[in-house]
Amino acid sequence: MAIFFITFVILLLIGVPISISIGASAVLGCLVLDYPMMVIGQKMVTGIDSYLLIAIPLFILAGNLMNAGKITDKIFSFAKELVGWIPGGLGHANVVASIIFAGMSGSAAADAGGLGTIEMEAMTKNGYDEDFSGAVTAASSVIGPIFPPSIPLIIYGATASVSVAKLFMGGVLPGLLMGVALMVLVFLFAIKYKFERHPFHVAALIRQFFGSILSLITPLIILAGFTTGWFTPTEASSIAVAYSLIIALIVYRTMDWKTFKHCLLESAITSANTLFIIGTSTLFTYVLVKEGASTAIANFILGISQNPAVILLIINVVLLILGMFMEPGAILTLMLPVLLPIIKSLNIDLVHFGVVMVLNLMIGQVTPPFGVCLFVISDVAKIKLDKLYKSILPFLVPLVVVLLMCTYIPGIVTYLPSVLVK
């Protein structure tokens, strides 16, 4: 087991991709511990052999189609007319557009890389600092995996055997709360630095609303399907893809077949990476459980305290640290076998814990030094990482405040699932 863990840490430190680091150390662990060779293939395949996980590549494709089909342009234009009149208007539009787009893709990287480009270009043209624009865009992009649909919540639901429909509905209020908290901070910055407002025109708002209404109702279709039981998360993902294609190819006519094929390729690459991480992580956790390491870690944490509030604080701190360095999918698959026995022993609601865990990991996506969304924003906007690291720090405060609220006020997460999902 020592060789197993040391190999994993060394591979991470020298910059080997997380999926390869997990897989190589897990395979080495199997060889050193003399497991049957067939276990390696079996566990990696069974880790991704789930009907529910089909939703992951489909939601990734839906997000890419909406970005390539210029649907995100219409979303941002509507958000600008809706909230642009508030001090710091384009910053607020940035957040609102991310909330709307979150109801379609479920991916922070898709938001940051697609919608983020439009948002940052508009903000910098209107006198906003590029550092501030990048920070707002990065912070708002993490709403995507909280507000339904959500790729990390799908992974959590598949791993923990929890209703994904309940998890999705549990993310609605936290996602909206994150948006409000970020908008409050943007407002304070706008007052301090006297950012310009976008003029408010009722006619322009109505025009943009009807021009983007087909995009705006996508989240409503998905949410209505979950609450009424019309379709499952996997079926919802296929509906999102079909709907995106119809809008982009037929209604708006903003996509050609060359762009469509490029979307398929990009989605396949991203999906393969995500599912490979899940597969290798499943093998890794198998070794942990088989050798009793997960039980030992759980017993150690429970030995510190039996108070649920204290345990949740410890778990949040650990996940925040891990989220700075690792992919959310890998952390979910690796840590859940360790954490679930603790959560169950303390009678903490699994839907509540799932949303809190994913929210925690999403904050890690915008936390220096290795937050994935920071790298995406730096790349698309050509902003130096050291500047982005500094400008993102104030935006971590409202996100952590929302995390603590969701952690210690379970009703924020559990109310809607208990009322709307049967």
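This briefing covers aromatic pairs, a nonpolar surface patch, one helix and two serines.

The model is predicted, and the values below are computed from it. The aromatic pairs come to a count of 14, and the pair of phenylalanine 8 and phenylalanine 284 is taken up under the next heading together with the pair of phenylalanine 132 and phenylalanine 195. On the surface, a nonpolar patch has about 1,000 Å² of accessible area, while helix H4 is mostly covered.

**Aromatic pairs**

- The count of aromatic pairs is 14; in one pair, the ring centres of phenylalanine 8 and phenylalanine 284 are 5.0 Å apart and the ring planes stand at 55°, so this pair is tilted.
- Because phenylalanine 8 belongs to helix H1 (residues 2-13) and phenylalanine 284 to helix H15 (residues 257-290), the pair ties together parts that are 276 residues apart in sequence, and both phenylalanine 8 and phenylalanine 284 are buried.
- A tilted pair is also formed by phenylalanine 132 and phenylalanine 195, with 5.1 Å from centre to centre and 40° between the planes.
- Phenylalanine 132 sits in helix H8 (residues 130-141), whereas phenylalanine 195 sits in the loop between helix H11 (172-193) and helix H12 (202-216), so this pair ties together parts that are 63 residues apart in sequence.
- Phenylalanine 132 and phenylalanine 195 are buried, and they belong to one aromatic cluster with Tyr128, Phe189, Tyr193 and Phe395.

**Nonpolar surface patch**

- The patch on the surface is formed by Leu313, Val317, Ile321, Phe325, Phe370, Phe375, Val397, Val401, Leu404, Met405, Tyr408 and Ile409, which together have about 1,000 Å² of accessible area.
- Helix H17 (308-323) and helix H21 (385-408) are the elements that give two or more residues to this nonpolar patch, and H21 gives the most, with 5 residues.
- Phenylalanine 370, one of the patch residues, is placed in the loop between helix H19 (350-364) and helix H20 (372-381).
- The relative accessibility of phenylalanine 370 is 45%, and phenylalanine 370 therefore counts as partly exposed.

**Helix H4**

- Helix H4 (residues 55-68) has 14 residues, which at 1.5 Å a residue should span 20 Å, and the end C-alpha atoms of H4 are 20 Å apart, which agrees with that expectation.
- Of the 14 residues of H4, 11 are buried, so that the helix is mostly covered.
- The buried residues of H4 are Ala55, Ile56, Phe59, Ile60, Leu61, Ala62, Gly63, Asn64, Leu65, Met66 and Asn67.
- After H4 comes lysine 70, and the phi of lysine 70 is positive, near 65°.

**Serine 244 and serine 378**

- Serine 244 is placed in helix H14 (residues 233-251), where its relative accessible area is 0%, so serine 244 is buried.
- With residues up to four places away in sequence not counted, serine 244 touches Ala62, Leu65, Met66 and Ile71; Ala62, Leu65 and Met66 are among the buried residues of H4.
- Serine 378 belongs to helix H20 and has a relative accessible area of 14%, so serine 378 is buried as well.
- Once neighbours within four places in sequence are left aside, serine 378 is in contact with Ile383, Lys384, Leu385 and Leu388.
- From C-alpha to C-alpha, serine 378 and alanine 135 are 10.0 Å apart in space, and they are 243 residues apart in sequence.

Methods: Residues numbered from 1 in each chain as written. Predicted model: local features only at pLDDT ≥ 70, side-chain atom pairs only at ≥ 80, totals over all residues. Heavy atoms only, no water. Phe/Tyr/Trp six-rings, centres within 6.5 Å; stacked < 30°, edge-to-face > 60°. Helix = DSSP H or I, 4+ residues; strand = E, 2+ residues; numbered from the N terminus. Buried < 20%, exposed > 50% of the residue type's maximum accessible area, 1.4 Å probe, protein only. Patch = residues over 30% accessible without salt bridge, like charges linked within 9 Å, V, L, I, M, F, W, Y side chains within 5 Å. Areas by Shrake-Rupley, 256 points an atom, 1.4 Å probe, with all protein chains shown as cover. Salt bridge = Lys/Arg side-chain N within 4 Å of Asp/Glu carboxyl O. Expected span 1.5 Å × (residues − 1). Contact = heavy atoms within 4.5 Å.
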